[in-house]
Amino acid sequence: MDPTMSPVIGHRGIASLTPENTLAGIQKAADTGLRWIEMDVTLLADSTPVMFHDARLERTTGSKGYIDKINTDQARALDAGSWFSSEFAGEKIPLLKDALALIKQTGMSLNLELKPNRCNPVELASQTLQTIKDTQFPTDQLLISSFCNKSLTYYRHRCDHLLGCLFKSLPGNWQRQAEALKAISIHVNAKTLREQQARLIKAEGYELYCYTVNDHGQALILRQWGVDGCFSDVPQALL
C-alpha cells in the first residue's frame, strides 16, 4: 500500500523560501510543485485557531509576549513576515480557516500539527476539528499529528481522520500509544532515529516520517532504512 504522504513534505510551508506558517508559504509550496506541506496550529486567547509554531511571539513577529495571551485583532495586527525578509513585510499570522481555504484551493494536502504550547490541548483539538468541518477541508488530504497525546486522544474519540504520533525520540511504549490512537504513522526526529527502530516501525505496519531533513544524503540514508518521507525546509532541493 502506498504511503499517505509524499516522500518530501514542505516543513511549515516552505521555510527556506518564505516565512513559516504563512499564506505566502502555502502559495510558494504550491508554486514549487509540492504535494504535501506541514503546518502548526495553536490557539489565541479567544480560542481562535491560528497557524503559529512557538509559544512566544518574538522570533517570528518581533513582538513580546505569548501567542495565547493575544486575541484575533491583536494577532492580525502583527507582522509575521519582516523577520524573514523585507519582501514579506506585512505578512499576517493566518487564521486556520484561511490557511485551510488556500490549501484546498491549491489542491495540496496537509499534515496539520496540533501545537498546544500553553493553551488547553483539548480545546485546541476541539476548535481545530470544528474549523476543518466548517471549511469542508477534504479529509483524504489531511493528516493530524501532535506530540500531545491528550490532543490526539480527544481528536480520535470524535472522528476517524488520519492521525500520526510525533516523537522527539522513539519511546519504549510508542506502539501502545499508536495502537490506542489508531494512528497510521510515526513521526520522529531524524537525528534520534536509529536504523533498527525504523525497520521495526515499518515491520509493524506503520508509515514512518522524519523531521527536519535538509540534507540530500541524509534523506537517501533514511529512505534506505524504509522511511516513507521527510519534512524539509528545503523541499525544492530534495524533490
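## Briefing: strands, a helix pair and backbone outliers

Asn 117 is partly exposed, with a relative accessible area of 32%. The residue sits in the loop between S4 and helix H5 (121-135). Its phi is near 50°, a positive value in a residue other than glycine. The model is a predicted one. The points below cover backbone outliers, a run of parallel strands, one helix pair and two buried residues.

**Backbone outliers**

- Most residues other than glycine have a negative phi, and most peptide bonds are trans.
- Asn 117 departs from the usual sign, with phi near 50°.
- Ser 47 also has a positive phi, about 70°, and is not a glycine.
- Ser 47 belongs to the loop between S2 and strand S3 (49-51).
- The relative accessibility of Ser 47 is 23%, so this residue counts as partly exposed; the buried class ends at 20%.
- The peptide bond from Tyr 211 to Thr 212 is cis, with omega near -25°.
- Thr 212 lies in the loop between S8 and H9.
- On the other side of that cis bond, Tyr 211 is one of the buried residues of strand S8.

**Strand S8 and its surroundings**

- How many of the five residues of strand S8 (residues 207-211) are buried? Five of the five are, so the strand is largely enclosed by the rest of the structure.
- Both faces of S8 are covered. Glu 207, Tyr 209 and Tyr 211 point to one side, and Leu 208 and Cys 210 to the other.
- Strand S7 (residues 185-189) pairs with S8 in the parallel sense, over five bridges.
- Cys 210 in S8 is the bridge partner of Val 188.
- From S7 the chain passes through helix H8 (residues 195-203) to reach S8, and this β-α-β crossover is right-handed.

**From S8 to S9 and S1**

- S8 also pairs with strand S9 (residues 229-232), in the parallel sense and over two bridges.
- Tyr 209 has Gly 229 of S9 as its bridge partner.
- The chain runs from S8 through helix H9 (residues 216-225) to S9, and this β-α-β crossover is right-handed.
- Which residues of S9 point one way, and which the other? Gly 229 and Phe 231 point one way, Cys 230 and Ser 232 the other, and all are buried.
- Strand S1 (residues 8-11) is joined to S9 by three bridges, and the two run parallel.
- Ile 9 stands opposite Phe 231 in S9.

**Helix pair H1 and H4**

- Two packed helices are described by the angle between their axes and the distance between the axes.
- The axes of helix H1 (residues 23-32) and helix H4 (residues 96-106) come within 10 Å and cross at roughly 10°.
- Angles under 35 degrees count as roughly parallel, and H1 and H4 are therefore roughly parallel to each other.
- H1 contributes Leu 23, Ile 26, Gln 27 and Ala 30 to the contact. H4 contributes Asp 98, Ala 99, Leu 102, Ile 103 and Thr 106.
- By type, the residues of this contact are six nonpolar, two polar and one charged.

**Two buried residues in S2 and S4**

- Asp 40 is part of strand S2 (residues 36-43). Its relative accessible area is 0%, so Asp 40 is buried.
- Apart from neighbours within four places in sequence, Asp 40 is in contact with Arg 12, Asn 21, Val 50, Met 51, Phe 52, His 53, Leu 112, Glu 113 and Lys 115.
- Ser 109 is in strand S4 (residues 109-114). Its relative accessibility is 9%, so Ser 109 counts as buried.
- Which residues does Ser 109 touch, not counting those up to four places away in sequence? They are Arg 35, Trp 36, Ile 37 and Gln 141.
- Ser 109 and Phe 137 are 28 residues apart along the chain, and their C-alpha atoms are separated by 9.7 Å.

Methods
Residues numbered from 1 in each chain as written. Predicted model: local features only at pLDDT ≥ 70, side-chain atom pairs only at ≥ 80, totals over all residues. Heavy atoms only, no water. Axes fitted to C-alpha atoms, helices over the stretch in contact; angles between N-to-C directions. Helix = DSSP H or I, 4+ residues; strand = E, 2+ residues; numbered from the N terminus. Parallel < 35°, antiparallel > 145°, perpendicular 65-115°, else oblique. Contact = heavy atoms within 4.5 Å. Nonpolar A, V, L, I, M, F, W, Y, C, P; charged D, E, K, R; others polar. Buried < 20%, exposed > 50% of the residue type's maximum accessible area, 1.4 Å probe, protein only. Pairing = 2+ DSSP bridges. Right-handed = clockwise from strand over helix to strand, strands pointing away.
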